[in-house]
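Trainee: I should like to go through the pockets of this model and the reasoning behind each label. May we begin?

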Amino acid sequence: WGPLFGGISGQVNAAFTEESIGQLKLTAFAAIPNDMLELGPVWVEQYVRTLLVESYSIGLEYGFINGNGNNQPIGLLKNVAENGAISDKTASGTLTFAPSQYGEIVAGELYNVVKELSVDADGESRKVLNKVVMVVNPIDAIGVQARNTIQTANGQWVMALPYNIQVVESEEVPVGKALFFVKGQYTAVIAGGYKLKKFDQTLAIEDATLYTIKQFANGKPKDNKAAVVYNLDIKFTAPSTEPAGA
């Protein structure tokens, strides 16, 4: 800051760092008998191609969440020690999403999550509002949704979490766990699109056609505070059937 019509001051010191991240190869293949391709339904080949693409997508999801760093990406569920050793993250606490009159319990539990993510591994604060994503197993997603769904005055059911936390389902997250990460704090590198090829000579002696798919990709968190893990303890109590005054 300075006086109006004053000179330009306050030089910005830009710090540049070099990030080295190699590429890994994600692959899958399927061998289909030629008799099936020649005599079977016309959609067999399209089914095989679709299956390989789905397998590729699952492989990427596994790597970015659960990858152990051994010819795999380093997943969000992992910590990296100073010596390069990779280990599973330990839970920072437990979330119950227990009901309360004004939602204080849910707001308080998730406040602790957001607060923990708002400080990086070096102890520096960072903005995380509207950038926090919660990843849960589809089984737990039902409980989270049930505990955070309300009916509006016009009869609509609305599911919302405080602090604009986005909920995403993934089978790669263990049941009973919740993974929270900050958008922009995970480096996911994908080199071009996937390559799906068909070879009709490779398995000629087996009278089969080979389909392959490959993708060059890698990923790792920017630091160990890019994501945190919490245990889930969501319980539902059935309403009492005893008569009033019993």
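Trainee: What makes up the lining of the largest pocket by class?

Mentor: In this predicted model, the lining has eight nonpolar, three polar and one charged residues. Among the residues that line this pocket are Phe-97, Ser-100, Gly-103, Arg-147 and Asn-148. Arg counts as charged, so Arg-147 belongs to that class. Gly counts as polar, so Gly-103 is placed there.

Trainee: What is the volume of the largest pocket?

Mentor: The volume is about 230 Å³. The second largest pocket holds about 160 Å³ of space.

Trainee: Which residues line the second largest pocket, and how do they divide by class?

Mentor: Its lining includes Leu-24, Lys-25, Leu-26, Tyr-62, Phe-64, Gln-72 and Ala-217. The division is seven nonpolar, four polar and one charged. Lys counts as charged, so Lys-25 falls in that class.

Trainee: Which elements give two or more residues to the lining of the second largest pocket?

Mentor: Strand 1 (24-33) and helix 2 (44-66) do so. Helix 2 provides the largest share, five residues.

Trainee: What is the mean pLDDT of the protein chain, and how many of its residues reach 70 or more?

Mentor: The mean is 86, and 86% of the residues reach 70 or more. Among the elements, helix 1 (residues 34-39) has the lowest mean pLDDT, 77, and strand 12 (residues 227-232) has the highest, 98. Since pLDDT expresses the predictor's confidence, that confidence is on average lowest for helix 1 and highest for strand 12 among the elements.

Methods. Residues are numbered from 1 along each chain as its sequence is written. This is a predicted model: local features need pLDDT of at least 70, side-chain atom pairs count only at pLDDT 80 or more; totals for chains, interfaces and linings use all residues. Side-chain values use heavy atoms; hydrogens and water are left out. On a 1 Å grid over the protein atoms alone, a cavity is a set of points where a 1.4 Å probe fits but cannot get out, and a pocket is an open set with protein on both sides within 12 Å along at least five of seven lines; lining residues have an atom within 4 Å of a point. Grid points are joined across faces, edges and corners, and a volume is the space filled by probe spheres set on the points. Helices (H or I, at least four residues) and strands (E, at least two) are DSSP runs, numbered from the N terminus. pLDDT is the predictor's confidence in each residue, from 0 to 100.
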